[in-house]
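Thanks for making time, everyone. I'd like to walk you through one structure. Have a look at it first, then we'll go through the parts.

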Amino acid sequence: MGKRKLSTPNPDVMSLEAASNDQTLDKDYKGMGVVYVGHIPNHFQEKEMRQFFGQFGDILKLRISRSKKTANSKGYAFILYEDEEVAKIVANTMNDYILCGRLLKCQYIPMSRVHKDTFKGASRPFKKIDWQGRSKAERNKVKTAEEQQKSVKRLLKKEKDRRRKIAALGIDYDFPGYAAVAPKPSCKTAFSDDEDMEVMEVTEIAEVAAVAEVA
C-alpha cells in the first residue's frame, strides 16, 4: 500500500470544502460576499488593504491572518463586501494581479463555505506585542531567595555531572568551579512577628532583673 499524502495548507489557495450550516455565515450575511486574498505584500497592512480594495465597494469587515507568536502577517486575508456581486468582480479582476512585485491570488467564497469565526477579532485594532521586551523583563526581574537557591542547585548539579563525565574519560583534572563561589544557604532562624515580640519581652525582663540585682 502506498503512503497516504497529508494535505498541507497553501496560503495562495483557499479550500472550499463543505462545512455544516451551523458553522457558516450563510444565515446572517445573506447577499454579502467574501473574497480570499493571498500572496499579500508584507508591508500591506489593514489600512492599506482597505484603501486599495475599498475602490471596488464598501468593505464591512477585513481580517489579515497573523501569527500568534510574532503578530506578523501570514500573507493572506479575508474581505467581506456588502454586495455579493462586488465580491465576485473583485475576485475576477484582482486574481493574478501583480502588486508590489507579488502575484495576488484572489478567490470568491460563497457564504455557505465561510466559517463563522473567519472574521473573529476583525473589529479590534491591530496591536503588536513586544515579546522581546516581555522576555527581557522576565529574565531581568529580581529573583527571590527561593528562586536563587533553585538556580544554585541546578548549576551545582550540572557541574557535578560535568566532573563525572571528565573522570569517566580518564582525565585527571580538578577545577574550583561554581561550588567554590556558590552562596551558602543562610543558617539564621527566621522568626514570625509574634515570636519577635516574645523574644523582645523576655529580653526586657532579663534586663530589668539584671538592673535590680545590681541595685
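**Charges, helix 4 and the core**

Let's start with Lys158, which sits in helix 4. Keep in mind throughout that this is a predicted model. Is Lys158 buried or exposed? Partly exposed, with a relative accessible area of 49%. Lys158 belongs to a patch of positive charge on the surface. The other members of that patch are Lys143, Arg154, Arg162 and Lys165. Patch members must have over 30% relative accessible area and no salt bridge. At 49%, Lys158 is above that area cut-off.

Stay on helix 4, which covers residues 145–168. There are salt bridges here too. Arg163 pairs with Glu159, and their closest N and O atoms are 3.4 Å apart. Both residues lie in this helix, 4 residues apart, which is about one turn. How much of each is covered? Arg163 is partly exposed, with a relative accessible area of 27%. Glu159 is buried, at 6%.

Next pair: Arg164 and Asp161. Their side chains meet in a salt bridge, 2.8 Å from N to O. These two are 3 residues apart in helix 4, so about one helical turn separates them. Asp161 is partly exposed, with a relative accessible area of 22%. Which residues share partners here? Lys157, Asp161 and Arg164, joined by salt bridges into one network.

How many salt bridges does the structure hold? The count is 8. One of them links Glu46 and Arg66, at 3.0 Å from N to O. Glu46 lies in helix 1 and Arg66 in strand 2, so this pair ties together parts that are 20 residues apart in sequence. Glu46 is partly exposed, with a relative accessible area of 23%. Arg66 is buried, at 16%.

Now the opposite charge. Asp58, Glu82, Asp83 and Glu85 gather on the surface in a patch of negative charge. Take Glu85 from that group. Glu85 is found in helix 2, residues 84–94. Its relative accessible area is 46%, so Glu85 counts as partly exposed.

From the surface, let's go to the core. In soluble globular proteins, nonpolar side chains tend to be buried together. Here, the largest nonpolar core has 22 residues. Which of them touch the most other members? Val35, Val37, Met49, Phe53, Ile79 and Tyr81. Where do the core residues come from? At least two each come from strand 1 (33–38), helix 1 (46–53), strand 2 (59–66), strand 3 (73–81), helix 2 and strand 6 (105–109). Helix 2 gives the largest share, 5 residues. So helix 2 supplies residues to this core and also holds Glu85, a member of the negative patch.

Last stop, Met111. Where is Met111? In the loop between strand 6 and helix 3, with helix 3 covering 131–140. Met111 is buried, with a relative accessible area of 6%. Now look across to Glu84. Met111 and Glu84 are 27 residues apart along the chain, and their C-alpha atoms are separated by 9.4 Å.

To recap. Helix 4 carries Lys158 of the positive patch, along with the Arg163–Glu159 pair. Glu46 and Arg66 tie helix 1 to strand 2. Helix 2 provides 5 residues of the largest core. That's my tour. Thanks for listening.

Conventions
Residues numbered from 1 in each chain as written. Predicted model: local features only at pLDDT ≥ 70, side-chain atom pairs only at ≥ 80, totals over all residues. Heavy atoms only, no water. Patch = residues over 30% accessible without salt bridge, like charges linked within 9 Å, V, L, I, M, F, W, Y side chains within 5 Å. Areas by Shrake-Rupley, 256 points an atom, 1.4 Å probe, with all protein chains shown as cover. Salt bridge = Lys/Arg side-chain N within 4 Å of Asp/Glu carboxyl O. Lys, Arg positive; Asp, Glu negative; His and termini not counted. Charge placed at Lys NZ, Arg CZ, Asp CG, Glu CD. Buried < 20%, exposed > 50% of the residue type's maximum accessible area, 1.4 Å probe, protein only. Core = buried A, V, L, I, M, F, W, Y, C linked by side-chain atoms within 4.5 Å.
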